[in-house]
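This report describes the architecture and selected residues of the chain shown below. Overall properties come first, followed by the sheet and then by individual sites.

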Amino acid sequence: MAVIGSGPAGFYTAYRVMSKIEDAVVDMYELLPVPYGLVRFGVAPDHPEVKNCQEKFAEVASSPRFNFIGNVAVGTDVALASLKPHYDCLLLAYGASRDRQLGIPGETALRGVHSARAFVGWYNSLPEYRDLVPELEAGEDAVVIGQGNVAMDVARMLLTDVDALRKTDVAEYALEALARSRIKRVHVVGRRGPLQVLLLLLLHVQ
């Protein structure tokens, strides 16, 4: 089986297939040179317990029936059609490769407007966002559009004391920028009502 993408979906599937089929061999293709996808680049640095699944992934990767092939862009470096004859099954588990845009004026043109994917990738050392320059010194208010887990992560990262973040694996350049930040208030904007947001916050804290 070929798995395209090395995030949780790809690894958990590889684990199940290899545990249920005795002679199954899995080749995992990844755009980046390192595995684990959102577990590595999407989880907030101050929530290390969420990354514990990496231990299971490392166990899967240690099997002689598992091969990790990183730094390969399937569809560009190698065509999907050229892989198909060599495998009994192809699993596409690469996740979202682009931001989902709202289609509102200024979304891509205004300074200081960033997608959560870019901002989270920035403080988590995702190479493609290493040079992002969020304007954290421009004012004291930030606005986060959305009320999900990632929105809460972003809000918390913007307001968490830098000394607490120093104990995490946040990117050093992001830590320096957050240390200079003037942000004091984060306004979270979304479609859900107060009750739904409260329940989401309770689940997030747990």
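Of the 206 residues of the chain, 38% count as buried, where buried means under 20% relative accessible area, exposed over 50%, and partly exposed in between (1.4 Å probe, protein chains only). The model is predicted: local features need pLDDT of at least 70, side-chain atom pairs count only at pLDDT 80 or more, and totals for chains, interfaces and linings use all residues. Residues are numbered from 1 along each chain as its sequence is written, and side-chain values use heavy atoms, with hydrogens and water left out.

**Overall properties**

Along the principal axes, the C-alpha atoms occupy a box of roughly 55 × 35 × 35 Å. The accessible surface of the chain is about 12,800 Å², and carbon and sulfur atoms contribute 55% of it; such areas come from the Shrake-Rupley method with a 1.4 Å probe, and for residues only the protein chains shown count as cover. Among contacts with a separation of 6 or more, 71% join residues 24 or more positions apart, a contact being heavy atoms within 4.5 Å. The secondary structure comprises 9 helices and 6 strands. These elements are DSSP runs numbered from the N terminus, with at least four residues (H or I) for helices and at least two (E) for strands.

**The sheet**

An open sheet is formed by 4 strands in the order S3-S2-S1-S4, with parallel pairing. Strands S3 (66-69) and S4 (90-92) stand at the edges with a single partner strand each, so one side of each is left without a neighbour in the sheet. From one strand to the next, the twist averages 15°; the underlying axes are lines fitted to C-alpha atoms, for helices over the stretch in contact, and angles run from 0 to 180 degrees between N-to-C directions. Strand S2 (residues 26-29) pairs with S3 in the parallel sense over 4 bridges, pairing being assigned if DSSP finds at least two bridges between two strands. Within this pair, Val26 is opposite Phe66 in S3. Helix H1 (residues 8-20) packs on the sheet and touches strand S1 (2-4), S2, S3 and S4, its direction making about 175° with that of S2.

Leu90 belongs to strand S4 and is partly exposed, at a relative accessible area of 26%. Beyond its neighbours within four places in sequence, Leu90 contacts Ala2, Leu80, Leu83 and Lys84. From Leu90 to Ile183, the C-alpha to C-alpha distance is 46 Å, across 93 residues in sequence.

**Surface patch**

A nonpolar surface patch consists of Leu102, Ile104, Val143, Ile145 and Val189, which together have about 480 Å² of accessible area. One of its members, Leu102, lies in the loop between S4 and helix H5 (116-123) and counts as exposed at 54% relative accessibility. Patches are made of residues with over 30% relative accessible area and no salt bridge, with like charges joined within 9 Å and nonpolar side chains (Val, Leu, Ile, Met, Phe, Trp, Tyr) within 5 Å; a salt bridge is a side-chain nitrogen of Lys or Arg within 4 Å of a carboxyl oxygen of Asp or Glu.

**Positive phi values**

Most residues other than glycine have a negative phi. Two sites with positive phi are tabulated below.

| Residue | Phi | Loop | Relative accessible area |
|---|---|---|---|
| Asn71 | near 65° | between S3 and helix H4 (80-83) | 54%, exposed |
| Ser125 | about 70° | between H5 and strand S5 (141-145) | 35%, partly exposed |
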